[in-house]
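Let's take a walk through a protein together, one element at a time. Keep the picture in view and follow along as we go.

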Amino acid sequence: MSTPPPGEYPGQPPQAPQAPQPPKDQYGSAPAYSGGSAPSGDATAGKTLGIVGLILAFLAPPIGLILSIVALVQSKNAGVKNTLAKVGLILSIVFIVLGIIITIAAVAIGAAAFNEACASLGSGVHTDGTTTITCP
């Protein structure tokens with residue numbers, strides 16, 4: 001007479017199915033982690049860096065831009081939203097573009113003022129006590 005498998009005796013509950021096991025390598029151990037960025041679920045990932053990036057967006061926009069990008073990547077890899085890093089990114093870009101426009105305008109205005117001064121003074125070196133202008 002053979003013995004029935006466990007769970008087949010009258011009045012005994014059936015066994016739950018076993019969870020699948022990870023494949024084993026030739027030495028009997030589970031394979032090593034291959035890398036990649038699985039979401040960790042850390043709700044604070046990149047949040048502090050996002051705040052720093054937002055603050056630096058006002059003080060040093062290129063650095064704020066870089067830190068905001070890094071904070072967004074960290075938050076994305078953790079699977080969380082980071083609104084402050086997005087705001088820091090946008091403000092950094094806006095302030096960089098405004099800085100470029102203001103610099104171009106200042107150079108253009110300075111060149112126009114120089115040309116106007118030279119047009120009225122004529123060619124040569126002109127000094128009025130504190131300022132020296134050399135016109136072509």
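We begin with the overall plan, then visit the helices in pairs, and finish with two single residues.

What you see is a predicted model. The protein contains three helices and two strands, and if you read along the sequence you meet them in the pattern α-α-α-β-β. There are 136 residues in the protein, and 15% of them count as buried. Now think about which parts of the chain meet. Among contacts with a separation of 6 or more, 47% are between residues 24 or more positions apart.

Let's look at the helix pairs, starting with H1 and H2. Their axes are 7 Å apart, and the two helices pack at an angle of about 160°. Angles over 145 degrees count as roughly antiparallel, so H1 is roughly antiparallel to H2. The crossing in which H1 passes H2 is left-handed. Which residues make the contact? From H1 come Leu49, Gly50, Val52, Gly53, Leu54, Leu56, Ala57 and Leu59, while H2 provides Pro61, Ile63, Gly64, Leu67, Ser68, Val70, Ala71 and Gln74. Sorted by character, the residues of this contact of H1 with H2 are 11 nonpolar and five polar, with no charged ones.

Next comes the pair H2 and H3. Here the axes come within 8 Å and cross at roughly 150°. By the same cut-off of 145 degrees, H2 is therefore roughly antiparallel to H3. The crossing of H2 and H3 is left-handed. On the H2 side, the residues that meet H3 are Pro61, Pro62, Gly64, Leu65, Ser68, Ile69, Ala71 and Leu72. Their partners in H3 are Ala85, Lys86, Gly88, Leu89, Ser92, Ile93, Phe95 and Ile96. The contact of H2 with H3 divides into 11 nonpolar residues, four polar and one charged.

H3 deserves a visit of its own. How many residues does H3 have? The helix runs over residues 83-121, which gives it 39 residues. From its first C-alpha to its last, H3 reaches 56 Å, close to the 57 Å expected at 1.5 Å a residue. Buried within H3 are Ala85, Gly88, Ser92 and Cys118. What do the buried residues of H3 pack against? They pack against helix H1 (47-59), helix H2 (61-78) and strand E2 (132-135). Just after H3 ends, look for Gly122, which takes a positive phi of about 90°.

Finally, let's zoom in on two residues. Find Ser68 in helix H2. Is Ser68 buried or exposed? Residues under 20% relative accessible area are called buried, and Ser68 counts as buried because its relative accessibility is 0%. Setting aside neighbours within four places in sequence, Ser68 is in contact with Gly53, Leu54, Ala85, Gly88 and Leu89. You have already met Gly53 and Leu54 as H1 residues in the contact with H2, and Ala85, Gly88 and Leu89 as H3 residues that meet H2.

Now turn to Leu59, which lies in helix H1. The cut-off for exposed is over 50%, so Leu59 is exposed, with a relative accessible area of 67%. Leu59 is also one of the H1 residues in the contact with H2. Measuring by C-alpha to C-alpha, Leu59 and Phe95 are 9.7 Å apart in space, and 36 residues apart in sequence.

Definitions and conventions: Residues are numbered from 1 along each chain as its sequence is written. This is a predicted model: local features need pLDDT of at least 70, side-chain atom pairs count only at pLDDT 80 or more; totals for chains, interfaces and linings use all residues. Side-chain values use heavy atoms; hydrogens and water are left out. Helices (H or I, at least four residues) and strands (E, at least two) are DSSP runs, numbered from the N terminus. The expected span of a helix is 1.5 Å times one less than its number of residues. Buried means under 20% relative accessible area, exposed over 50%, partly exposed in between (1.4 Å probe, protein chains only). Contact means heavy atoms within 4.5 Å. Axes are lines fitted to C-alpha atoms, for helices over the stretch in contact, and angles run from 0 to 180 degrees between N-to-C directions. Angles under 35 degrees count as roughly parallel, over 145 as roughly antiparallel, 65 to 115 as roughly perpendicular and the rest as oblique. A crossing is left-handed if the near helix is turned anticlockwise from the far one by less than a right angle, and right-handed if clockwise. Ala, Val, Leu, Ile, Met, Phe, Trp, Tyr, Cys and Pro count as nonpolar, Asp, Glu, Lys and Arg as charged, and the others, Gly among them, as polar.
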